[in-house]
Each structure stands twice: as structure tokens, then as C-alpha cells.
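Trainee: Could we go through this structure together? I would like to begin with the cysteines and then turn to the contacts between the chains.

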Number of protein chains: 2
Amino acid sequence: MELFNYFRSSASYRVRIGLALKGLDYTYRPVHLAKGEQHGESYAAVSATRLVPLLVDGELRLHQSLAILEYLDETHPEPPLLPRDPAERARVRALAMDIACEIHSLNNTRVLRFLVKDLGLSDEDKLRWYRHWVESGLVTLDAQLAQAPARYACGDLPGLVDCVLVPQVFNAQRFDCRLDHVPQVMRVFDACMALPAFDKTQPKYCPDAE
Amino acid sequence: MELFNYFRSSASYRVRIGLALKGLDYTYRPVHLAKGEQHGESYAAVSATRLVPLLVDGELRLHQSLAILEYLDETHPEPPLLPRDPAERARVRALAMDIACEIHSLNNTRVLRFLVKDLGLSDEDKLRWYRHWVESGLVTLDAQLAQAPARYACGDLPGLVDCVLVPQVFNAQRFDCRLDHVPQVMRVFDACMALPAFDKTQPKYCPDAE
């Protein structure tokens, strides 16, 4: 398999964790988002959306990190990223989407660029926007984690929510967001970071890290 | 089952379509987002996130529309919303998330409110923001639909992507977005709207429609 990704991309990091949890090897293909490589012709030849991450598995080209993680879970079931029970699976997916849709989607590179370049927002207002969604979104997540505390986000093994939570905390730290108000999130983050699958795949260890 | 939702909420409409495709009965519970009812105590008692839609199924309370639709598909498999093959399932999920994460997340009510009330954007700039994500996001979707044209978004039966595509087109029309540049999207939209599951659940027929 090949993973087209960017060291700092939160969605890319999710998939790196998932691949590591499954013990799957892959070739790392860097796409430098800050330099705009995703808009170049060579990436257009493999990606219809110009987004990262993109997983190539034989003839298949898969995008959207959560869809990729579900695909990996269906094709390599052990260890599982999602529980078996439909109600528990729904809770896991909902928590993952609380981060992916309600926080991260609002704060990715192209969105921040549009706010500044096209709408003329100041850097200060851009940061206010960024922190608002991270800090309020993580409060909602924290409250839900507190309803069913476990070693990891949703049980005694790391899974889909952890793959999404850890990169979001990395982003929050990079933008100096408040995190002292979300103790459940940080407890899960620390538990995950003690595992090689989360630690060894973090941005600073990527081949394209700066 | 009970569905807490709002007639105009795109994510709510997705679930109404899914329930209708499955032929499932439910009690319609309106939550008036424009009046701020999601922040009231009565909704806080059932919803941890204060978002709609929320599906109540016995003891279960499920949020996030895509997680709800996957739950319905797992607990009521016929007719299926997702194909069986893992690669095809991944494509379906990715296209659904191309709308849910890359378009809709940026344009929901609370995001637009933050842009205007907290960041002081003009109504004109708010519209520019809205249309940018809709019009560019649908182009990406259109190109992907063109790669494997079918009666509906991903095959000869309506499924998950159609549940997300149709409400997004409704939103686009409400905000006068350009749609003449996405012929595949509009072809699928028209095919869906010929079906009662999409037509009868549309905003204007909801009990709380204005």
C-alpha cells in the first residue's frame, strides 16, 4: 500500500495511526500542502479531490480518512478499530465525527487560507476562529467520554476515536489552544501516546517533517 | 423510534430519507434551531452535543447523521444503504464525507452565526463563504460521479450518498448557489426526487415547516 500524506495533516496522521495499529506496511508518499503540491499535476493524476490522505491499495485509490480507516478495519479485522455491536459502533462513529466534522473540517489548511486570503480576516481573528472550534468541540467530546470512562476513548483497546482524538490534540497544542478544561480528552491522549502506534507516527518523525 | 430534528437542517433531512428508504416509522420531534431550542434545558436532557439530528431507539440516543444512517443499515439491512464490497463501501463513505465534511460542516447554522456575530463578517461575505464551499465542493463530487455514472449516486438503487447529496442540493438552491456546472449531481438529484422517500421527507412537508 501507499499513503499519500503530509506530516502535519491531522487527517493523514489518523490513517498513519490506523495502519500502525493494524501492523500494516506502506510506502510513505509526501504531498507538501503548505507548498501547494496537492494542486500540482502529479497529484491530480492520482487524486480526484486534491486532499490528503489518499491510500493506494492495488488498483484502489481511497480518500477521506474515516472511510480509509473503516476500509482497513473491514479488510484487516484484527485488532478491531470498531466494536461489533451496532449501538457501540454508532457511538464510536459519532464521537469520531464530532471531531472530524465539528472541529477539524473547520480548521484545515484550505479553510484557514480562505478566511485570510479571500475574506481578509486578520491573523488574530483566524486564531480566534481556530481556538473556538477546538476548545468548544473538545468540551462536547470530553463530556461524552466522561459518560463512559475507559482506558482509551471507547474501551480497553485503542480504536477509531483514538485515531482521530490524538491528531486533534496535536493540532490544538500547535495553535496554543486551551486544554486544561478537557481532562478526559487529555487522559486518553496520554494513554495513547504511550503506545508506539501513536508515538512513532507523530508528525515530527515523518520523513517529510521540517 | 424518535427523531429530534429541524425541517431545514440538512443533516436531519439525510436521516429522514434513510428512515423512509428503510420503511421505518418514527415520531417526529421538532427542535427549532433558528429559535435556539437546541440550547434549552429540555433538549440538553436528551442531547450531549446539542446538535440535530438525534435518533432515540429504545435506550439508545444516537447523534451524527452518518453514524445514524450506518446504524440503521446495520440493524435494518434491507434495502441496503451501502454496498457489501469493502472497496465499494469505502468509495460510498468517502463521497458522503466529501459532502458532510468538506461542504456542509462549513455551512451549518452555528458556523454561519459565528462568522457574522463573532467575526463581524458582512452578509455578503457570509454568502461568498457559503457559495464557495458548495460550488467548489460539488464540482469535486461531480467529477467523481462522472467516473462511474449510474442511475443514483453509486448504483441502481438509492443509498448513503444520495441521502447526503439531495439535502445539500436543497441548501444550495436556498442560498442561490450555482448548480448548472454540476450536471451529474443534478441528474442524480432529479432521479432521487422522483422517489417518495426523498420527496415526502423534504423540508416543506415537515410538521415544523414554516
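Trainee: How far is the sulfur of Cys154(B) from the closest cysteine sulfur, and in which residue is that sulfur?

Mentor: The closest one belongs to Cys192(B), 11 Å from the sulfur of Cys154(B), which is too far for a bond. A disulfide here is a pair of cysteine sulfur atoms within 2.5 Å. This is a predicted model, in which local features need pLDDT of at least 70 and side-chain atom pairs count only at pLDDT 80 or more, while totals for chains, interfaces and linings use all residues. Residues are numbered from 1 along each chain as its sequence is written, chains are lettered from A and ligands numbered from 1 in the order in which they are written, and side-chain values use heavy atoms, with hydrogens and water left out.

Trainee: How many disulfides are there over all chains?

Mentor: The structure holds zero. In chain A, the sulfur of Cys154(A) is 11 Å from that of Cys192(A), its closest cysteine sulfur, again too far for a bond.

Trainee: Changing topic, how many residues are in contact between chain A and chain B?

Mentor: 41 residues of chain A are in contact with 41 residues of chain B, contact being heavy atoms within 4.5 Å. The two chains bury about 3,900 Å² between them, 66% of it on carbon and sulfur atoms. That figure is the accessible area (1.4 Å probe) that two parts lose on being put together, summed over both.

Trainee: Which residues of chain A lose the most area to chain B?

Mentor: They are Gln64(A), Phe114(A) and Leu119(A), together 14% of what that side buries.

Trainee: And how many salt bridges are there between chain A and chain B?

Mentor: The count is eight, where a salt bridge is a side-chain nitrogen of Lys or Arg within 4 Å of a carboxyl oxygen of Asp or Glu. One of them joins Arg93(B) to Glu74(A) at 3.2 Å, N to O. That pair runs from helix α4 (residues 86–107) of chain B to helix α3 of chain A; helices are DSSP runs (H or I, at least four residues), numbered from the N terminus.

Trainee: Is Arg93(B) buried or exposed?

Mentor: Arg93(B) is buried, at 1% relative accessible area, whereas Glu74(A) is partly exposed, at 24%. Buried means under 20%, exposed over 50%, and partly exposed in between (1.4 Å probe, protein chains only).

Trainee: Which residue of chain B meets Arg93(B) in a salt bridge?

Mentor: Glu70(B) does, at 2.6 Å, N to O. Glu70(B) lies in helix α3 (residues 65–75) of chain B and Arg93(B) in helix α4, so the pair ties together parts 23 residues apart in sequence. A network of salt bridges links residues of both chains, including Glu70(A), Arg89(A), Glu74(B) and Arg93(B).

Notes:
Helix = DSSP H or I, 4+ residues; strand = E, 2+ residues; numbered from the N terminus.
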